[in-house]
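Colleague: I should like to learn how to read the interior and the surface hollows of a model. May we work through one case together?

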Amino acid sequence: MTSSPLRRRLLKAAAAAWPAAVLPRLALAQERRFDPQPGAWRSFELTTRVDVPEARGTTRLWLPLPDLETDWQRPLDNSWSGNASSARVVADPARGVRMLHAEFAAGGPAPSLVLTSRLQTRDRAVDWNRRAAPAEDPALLRAQLAPTELLPTDGIVKKTALEATKGARTELDKVRGIYEWVVANAHREPKVRGCGNGDIRTMLETGNLGGKCADLNAIFVGLCRAAGIPARDVYGLRLAPSAFGYKELGANPANLKGAQHCRAEAYLAGLGWVAMDPADVLKVMRQETAEWIRDPAHPVVAPVKAGLFGRWEGNWVGFNTAHDITLPNQSAKGTLPFLMYPNGENAEGRFDELSPDSFRYTISARELTA
């Protein structure tokens, strides 16, 4: 049986219309939701275990503690065990960052230390209609405007901040402009070791804006400070999968190797400290799907880009907010750009904190139920 000319024309028209009809459904199938909102507290037990392969002279360890008490995080307690000759909570003298410091005398058995921290977290979201946040300590705000060793606020950093905030009339407009600028101009570079080091002057001068969270959020923080907006990095660790199905925004609690993650905050008058994380937007763009998503308006990326301007998900714990850390009683000279990983040294020198398999540390978390 042959079809009539009219039937052939109708079939051809229907075939031509099919892509237009199905594309919206395909886009809808890719759309994701990312909408953290403050709610119930979640309780976690976080365990860091260090087993140095052998004793070589005096061994010292420094382990970060979840030491931020906020309306989105509650530290409960810390306990430790092992064969250290001494172990206690100490603080960096200049920045006040607290950590567990353990020392193992020369000639003893292979050093072993287990740190267990209990804490609570929850989702975080700014109320943009709120205009009565408690006033912050002026000295703290001045500190969060100051340059650091890797976070200058002059030169090319100042020039870039002026570019990113051109035309902005309010502090909120400036912060949004900087957030948009980082997402538009920087990118996630998976080959960078660890979380990066946050050397923003070098990144801006070379034009190589590829990095990881401690680089990308450091650009955001540095540009905010250069624009006169107090801002800070928040160094911490992912604890659990994302409740919104994003594999790159969560972690396997049984094995948190490589789960360290730096976030950011900007201070806005009347709103207080506001959550920010352009680095995770760029991570979703680069790694959430098999192909690198270049367009932040893509349906996979857009909810994250909108959500991480003012919100965080509570599957993450913050350790501290400081740069240029001095480890108490260390033999080596100099400072760390930040304290987010276990650190250690023995008679042969500093351990590689970015190599948990050779340093021999593991980190895991367990969610506690009532």
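Colleague: Which classes of residue make up the lining of the largest cavity?

Modeller: For the classes, Ala, Val, Leu, Ile, Met, Phe, Trp, Tyr, Cys and Pro count as nonpolar, Asp, Glu, Lys and Arg as charged, and the others, Gly among them, as polar. Here the lining of the largest cavity has nine nonpolar, two polar and no charged residues. This is a predicted model, in which local features need pLDDT of at least 70 and side-chain atom pairs count only at pLDDT 80 or more, while totals for chains, interfaces and linings use all residues. Residues are numbered from 1 along each chain as its sequence is written, and side-chain values use heavy atoms, with hydrogens and water left out.

Colleague: What is a cavity, as opposed to a pocket?

Modeller: On a 1 Å grid over the protein atoms alone, a cavity is a set of points where a 1.4 Å probe fits but cannot get out, whereas a pocket is an open set with protein on both sides within 12 Å along at least five of seven lines; lining residues have an atom within 4 Å of a point. Grid points are joined across faces, edges and corners, and a volume is the space filled by probe spheres set on the points. The whole structure holds three cavities of 30 Å³ or more.

Colleague: How much space lies in the largest cavity, and which residues line it?

Modeller: The space amounts to about 90 Å³. Its lining consists of Leu46, Thr48, Leu63, Pro64, Leu115, Leu237, Gln260, Phe319, Met340, Pro342 and Ile363. Strand 1 (42-51) and strand 2 (59-64) each contribute at least two residues to this lining; helices (H or I, at least four residues) and strands (E, at least two) are DSSP runs, numbered from the N terminus.

Colleague: What does the second largest cavity contain by class?

Modeller: Its lining has seven nonpolar, four polar and no charged residues, and about 60 Å³ of space lies within. Among the lining residues are Thr148, Asn197, Tyr235, His323 and Phe338.

Colleague: Leu46 lines the largest cavity; where does Leu46 stand in the nonpolar core?

Modeller: A nonpolar core is a set of buried Ala, Val, Leu, Ile, Met, Phe, Trp, Tyr and Cys residues joined through side-chain atoms within 4.5 Å. Buried means under 20% relative accessible area, exposed over 50%, and partly exposed in between (1.4 Å probe, protein chains only). The largest core has 82 residues, of which Leu46, Val175, Phe220, Leu237, Leu239 and Leu256 touch the most other members. Helix 6 (residues 213-226) gives the most to this core, with 10 residues. A second, separate core of nine residues includes Val97, Ile325, Leu336 and Leu339.

Colleague: Which residues does leucine 46 contact beyond its neighbours within four places in sequence?

Modeller: Contact means heavy atoms within 4.5 Å. The partners of leucine 46 include Leu115, Leu237, Leu239, Leu256, Phe319 and Ile363.

Colleague: How should I read strand 11: are its two faces covered or open?

Modeller: In a regular strand the side chains alternate between the two faces of the sheet. In strand 11 (residues 260-268), nine of nine residues are buried. One side carries Gln260, Cys262, Ala264, Ala266 and Leu268, and the other His261, Arg263, Glu265 and Tyr267.

Colleague: With which strands does strand 11 pair?

Modeller: Two strands pair if DSSP finds at least two bridges between them. Strand 10 (residues 231-238) pairs with strand 11 in the antiparallel sense over seven bridges, and leucine 237 stands opposite glutamine 260. Strand 12 (residues 272-276) is also antiparallel to strand 11, over five bridges, with alanine 275 as the bridge partner of glutamate 265. Strands 11 and 12 form a hairpin with three residues between them, and glycine 270 in the turn has a positive phi of about 85°.

Colleague: What does strand 12 give to the largest pocket?

Modeller: Strand 12 gives the most to the lining of that pocket, with four residues. The volume of the largest pocket is about 540 Å³. Of its 27 lining residues, Asp71, Trp72, Arg124, Arg130 and Trp273 are the closest to its centre. By class, the lining has 13 nonpolar, four polar and 10 charged residues.

Colleague: How is the lining of the second largest pocket divided?

Modeller: Its residues divide into nine nonpolar, six polar and six charged. This pocket has a volume of about 380 Å³, and Arg95, Gln144, Thr321, Ala322 and His323 lie nearest its centre.
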